[in-house]
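Grab a pencil and work through these short exercises on strands and how they pair. Try each task yourself before you read the solution.

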Amino acid sequence: MKIGVMSDTHGSLPYFEKALDLLKDCDVLFHIGDVLYHGPRNDLPEGYNPKGVIKEINNLDNIIIVRGNCDAEVDQMVLKFPIMADYCIIMDGERTIYASHGHIYNENNLPPLKNGDIFIHGHTHVLRAEKRETYTILNPGSVSIPKEGNIPTYAVLENGVFSIRGFEGEVVKEITL
């Protein structure tokens, strides 16, 4: 199974469309929150167009979205996919992939993980791929508003490898699970 992961699009239509194009061959897409709006702490992203992002999302048939801190009940009224869950769980063989935005469940408040599990989150806009003692923590960075000098990124999880990639296809960070 090939899993595409994106986070923190914040309503940027051109960045969302570019990520979708780069992830078009994935079996499933995770969007791990902050889908449509930028929130009070972020500047407007380039190409800010929440209505355009809504249209793109509603044309998809393979996306799983979890709620970010900038996502609200009003967003659910215009999207055909559920987006109000604080997390989602998907089984990948024997291991559990636990995806959450990161504002509730994060490194300081981990979900219940067992040995070998994967915790994917966004929220910080900072990419990360790190093995811990009993689990792996992954953050694809931000599609539209990267921080700490990073470029816009998305991620792919395939055949036990998590790779964070820039929009030119370059691998920014990679980890074997």
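**Exercise 1.** In which sense do strands S5 and S6 pair, and over how many bridges?

*Solution.* This is a predicted model, so start by finding the two strands in it: S5 covers residues 95–100 and S6 covers residues 117–120. General background helps here: strands of a sheet pair through backbone hydrogen bonds, in either a parallel or an antiparallel way. For S5 and S6 the pairing is parallel, over 3 bridges. To see it up close, look at isoleucine 97, which sits opposite isoleucine 118 in S6.

**Exercise 2.** Work out the strand order of the open sheet of 5 strands, then say which are its edge strands.

*Solution.* Walk across the sheet and you get S4-S5-S6-S8-S7, with mixed pairing. Now check the ends: S4 (87–92) and S7 (128–131) each pair on one side only, which makes them the edge strands. From one strand to the next, the twist averages 15°.

**Exercise 3.** Which strands pair with S9, and in what sense?

*Solution.* Take one neighbour at a time. Strand S1 (residues 3–6) runs antiparallel to S9 and is joined to it by 3 bridges; here isoleucine 3 has leucine 157 as its bridge partner. Next comes S10 (residues 161–166), also antiparallel to S9, with 6 bridges. In that pair, alanine 155 faces isoleucine 164.

**Exercise 4.** Is S9 mostly covered or uncovered, and what links S9 to S10?

*Solution.* Count along S9 (residues 153–158): 5 of its 6 residues are buried, so call it mostly covered, with buried meaning under 20% relative accessible area. Then follow the chain onward: S9 and S10 make a hairpin with 2 residues between them. In that turn, asparagine 159 has a positive phi of about 50°.

Terms used. Residues are numbered from 1 along each chain as its sequence is written. This is a predicted model: local features need pLDDT of at least 70, side-chain atom pairs count only at pLDDT 80 or more; totals for chains, interfaces and linings use all residues. Side-chain values use heavy atoms; hydrogens and water are left out. Buried means under 20% relative accessible area, exposed over 50%, partly exposed in between (1.4 Å probe, protein chains only). Helices (H or I, at least four residues) and strands (E, at least two) are DSSP runs, numbered from the N terminus. Two strands pair if DSSP finds at least two bridges between them. Axes are lines fitted to C-alpha atoms, for helices over the stretch in contact, and angles run from 0 to 180 degrees between N-to-C directions.
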